[in-house]
Amino acid sequence: MTKFAKMNSPISKRFVKVESRMLNQALFTVYRHPGQGAIIFCRLDRFRLYTFALSNMKTQPELEKIASQIRRDIIRQTWSAKSGHPGGSLGCADMMTSLFFNHLRFTLPFKMEGKDEDVFVLSNGHISPLFYSVLARSGFFPVNELATFRMINSRLQGHPATHEHLPGVRVATGSLGQGLSVALGMALAKRFSGDEHLVYCLTGDGELQEGQNWEAIMAAAHYKADRLIAIVDWNGQQIDGPNDKIISLGDLEAKWLSFGWKVLHANGNSMKEIDETLTLAGAMTGKGMPIVILMKTIMGFGVDFMMGTNKWHGVAPNDEQARLALEQLAETLGDYQI
Ligand SMILES: Cc1ncc(C[n+]2csc(CCOP(=O)(O)OP(=O)(O)O)c2C)c(N)n1
Ligand SMILES: [Mg+2]
């Protein structure tokens with residue numbers, strides 16, 4: 001499932017120019033082939049020109065439709081289990097939809113080794129309702145299994161675990177601060193085995209208060225892990241309140257830069273922006289530096305009464321709240337049976 005290939009060839013006349021705009025200091029010109037995918041022409045700096053051919057790419061409206069269903073799945077899983085973490089799950093739904101449906105190169109059925117494919121680590125394992133929905137909706141396991149979320153003996157435990165052998169889960173997470181170290185190990189293993197595929201790792205912002213992250217961040221730059229892409233869910237909130245009240249993250253960009261990472265920024269709740277930033281991040285791999293996307297999100301995004309507060313970090317909606325939430329989220333792919 002190759003989503004893009006470096007072309008560095010002239011744009012054919014059959015492509016129609018859609019728009020040009022700046023994104024993370026790079027000029028993107030988007031061309032579309034009638035009936036096919038898009039070409040993104042990406043000018044990274046004034047000396048080098050890159051073009052990227054994208055095939056089988058989902059358009060922004062298509063991704064938004066999928067994300068709406070995934071948000072419904074998040075509400076329905078936490079509502080039926082009467083527990084779980086809807087806030088962070090809703091906030092990261094756009095990025096995870098774009099990542100799994102347009103960028104991550106994986107093969108099915110799932111193989112634990114992850115050789116010759118991109119791999120993903122969910123370090124903030126508590127947003128499992130999102131992870132499970134994205135995995136199910138992209139074919140890793142049957143969508144109806146979402147109905148077993150958090151049940152005894154289910155493969156869909158509150159936090160992802162390998163013991164249950166759920167396709168798509170390569171590492172148990174939920175004990176915060178560990179995922180990036182594992183992702184770095186995977187990136188180095190890929191290098192040793194001559195595999196040029198990418199390793200993506202999503203972490204929370206509150207999670208960055210765990211010291212182990214900074215060992216991994218330091219080590220990744222030292223080892224030039226340039227096929228590792230970290231994504232920070234920068235929602236400004238954590239379990240007990242805003243980051244700034246608990247332990248301020250300070251100048252997050254300066255910190256990652258000073259540790260030797262390439263830093264990109266994105267609005268994680270703009271499908272267009274996050275989708276393009278994931279393209280840009282992919283294009284920047286293999287250049288000697290690990291890459292981080294500092295992704296601004298709104299916790300609870302998509303459900304008005306859940307947005308912008310830590311209140312819904314780990315609280316499930318009751319019947320009435322679930323009804324009100326689902327009214328705001330279109331059913332696009334079909335709800336699973338509960
Ligand atoms: C090592 C560890 N300490 C504490 C917790 C409990 N815990 C779960 S989520 C969370 C907050 C994390 O904040 P953030 O990463 O910003 O996630 P968000 O609330 O934005 O989803 C905490 C403290 C945990 N899971 N692991
Ligand atoms: Mg947070």
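**Sheet, hairpin, helix packing and ligand shell in a predicted model**

In this predicted model, an open sheet is built from five strands that pair in parallel and follow the order β6-β7-β8-β12-β11. The edges are occupied by β6 (119-122) and β11 (262-267); each has a single partner strand, so one side of each is left without a neighbour in the sheet. Direction ignored, neighbouring strands of the sheet are turned against each other by 20° on average.

Within this sheet, the pairing of β8 (residues 228-234) with β12 (residues 291-296) is parallel and comprises six bridges. Ile 231 has Ile 293 of β12 as its bridge partner. Helix α9 lies across β8, β11 and β12, and its direction makes an angle of about 165° with that of β11.

Helix α9 (residues 271-283) also packs against helix α1 (residues 60-81). The angle between the two helices is about 105°, and their axes are 10 Å apart. Angles of 65 to 115 degrees count as roughly perpendicular, and α1 and α9 are therefore roughly perpendicular to each other. On the α1 side, the contact is made by Gln 60, Leu 63, Glu 64 and Ala 67, while α9 contributes Met 271, Lys 272 and Asp 275. By residue class, this contact of α1 with α9 consists of three nonpolar residues, one polar residue and three charged residues.

A separate pairing involves strands β2 (residues 16-23) and β3 (residues 26-32), which run antiparallel and are joined by seven bridges. Leu 23 is bridged to Ala 26 of β3. The strands β2 and β3 form a hairpin with two residues between them. In this hairpin, Asn 24 adopts a positive phi near 50°.

The surroundings of the ligand were also examined. Ligand 1 has 19 residues around it, of which Gly 88, Gly 204, Gly 206, Glu 207 and Gln 238 come nearest. At least two residues of the shell are supplied by α2 (86-91), and at least two by β9 (237-238). The shell around ligand 1 divides into 13 polar residues, three nonpolar residues and three charged residues.

Technical notes
Residues numbered from 1 in each chain as written. Chains lettered and ligands numbered in written order. Predicted model: local features only at pLDDT ≥ 70, side-chain atom pairs only at ≥ 80, totals over all residues. Near = placed C-beta within 6 Å. Helix = DSSP H or I, 4+ residues; strand = E, 2+ residues; numbered from the N terminus. Nonpolar A, V, L, I, M, F, W, Y, C, P; charged D, E, K, R; others polar. Axes fitted to C-alpha atoms, helices over the stretch in contact; angles between N-to-C directions. Parallel < 35°, antiparallel > 145°, perpendicular 65-115°, else oblique. Contact = placed C-beta atoms within 7 Å. Pairing = 2+ DSSP bridges.
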